[in-house]
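Load the model in your viewer and switch between cartoon and side-chain display as the tour proceeds. Each stop says what to select and what is there.

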Amino acid sequence: MFSREEVKKVLSHLEGEIHLMASLLYGSGLRLAECLTLRIKDIDFELGGIVVRSGKGDNDQSTLWPHVLIPSLKRQIEKTKIKLEENQSVAGFSGASIPEALERKYPYAPMELNWQYFFISKDLALDPRSGKLKQHHHHESFLQ
């Protein structure tokens, strides 16, 4: 377990998405997989919280995040929005990867900003289930 001073030292050496991810892990108590699979819709600016879907024990949970992260969180949403707009011009792009049953029920959801992963991967990839070109989240090795 790190002291507050040790955490501050570690965070002071990080930048960009990695800094934001590490800040969420420390400040909100998120696990790495929970952080990576956050979607835009899971961030609640009014309540200053995050909804963690299918977290520990496969339960949905809520947690708070430090208010100092508000500008970084909003900047990350803008980056995701820009990336989504760029991806929409790619032939065969089918939006974010979402559960199959949900995509059948809401076929336009994968293209909506709210369903995009908060920490999106740099490149598009074929979804192994559907074979469609999708936007996924960063791999765990991105932060590890």
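In which sense do S4 and strand S6 pair, and over how many bridges? This is a predicted model. Select S4 together with residues 133-135, which make up S6: the two strands pair in the parallel sense, over two bridges. Now show Phe93 and look across to S6, where Leu133 stands opposite.

Widen the selection to the whole sheet. It is an open sheet of three strands in the order S4-S6-S5, and the pairing is mixed. S4 (93-96) and S5 (125-126) are the edge strands; each has a single partner strand, so one side of each has no neighbour in the sheet.

Next, go to the other three-stranded sheet. The order here is S1-S2-S3, the sheet is again open, and the pairing is antiparallel. S1 and S3 stand at the edges with a single partner strand each, so each has one side without a neighbour in the sheet. Select S1 and S2, which pair in the antiparallel sense over two bridges. For one contact between them, pick Asp44: the bridge partner of Asp44 in S2 is Gly49. As a general point for both stops, strands of a sheet pair through backbone hydrogen bonds, either parallel or antiparallel.

Now turn on the aromatic side chains. How many aromatic pairs does a search of the whole structure find? The search finds two.

For one of the pairs, select Phe45 and Trp65: the arrangement is edge-to-face, with 5.7 Å centre to centre and 75° between the planes. Phe45 lies in the loop between S1 (43-44) and S2 (49-52), while Trp65 lies in the loop between S3 (61-64) and helix H4 (70-87). The pair links distant parts of the chain, 20 residues apart. Colour by accessibility here: Phe45, at 31% relative accessibility, counts as partly exposed, whereas Trp65, at 4%, counts as buried because the cut-off for buried is under 20%.

For the other pair, select Phe118 and Phe119. Their ring centres are 5.1 Å apart and their planes stand at 85°, so this pair is edge-to-face. Phe118 and Phe119 are both buried.

The last stop concerns lysines over rings. Return to Phe45 and add Lys74, which lies over the face of Phe45 at 5.3 Å from the ring centre. Phe45 therefore belongs in two selections, one with Trp65 in an edge-to-face pair that meets the over 60 degrees cut-off and one with Lys74. Finally, select Lys41 and Trp115: the charged end of Lys41 sits over the ring of Trp115, 4.5 Å from its centre.

Note on methods: Residues numbered from 1 in each chain as written. Predicted model: local features only at pLDDT ≥ 70, side-chain atom pairs only at ≥ 80, totals over all residues. Heavy atoms only, no water. Pairing = 2+ DSSP bridges. Helix = DSSP H or I, 4+ residues; strand = E, 2+ residues; numbered from the N terminus. Phe/Tyr/Trp six-rings, centres within 6.5 Å; stacked < 30°, edge-to-face > 60°. Buried < 20%, exposed > 50% of the residue type's maximum accessible area, 1.4 Å probe, protein only. Lys NZ or Arg CZ within 6 Å of the ring centre and 35° of its normal.
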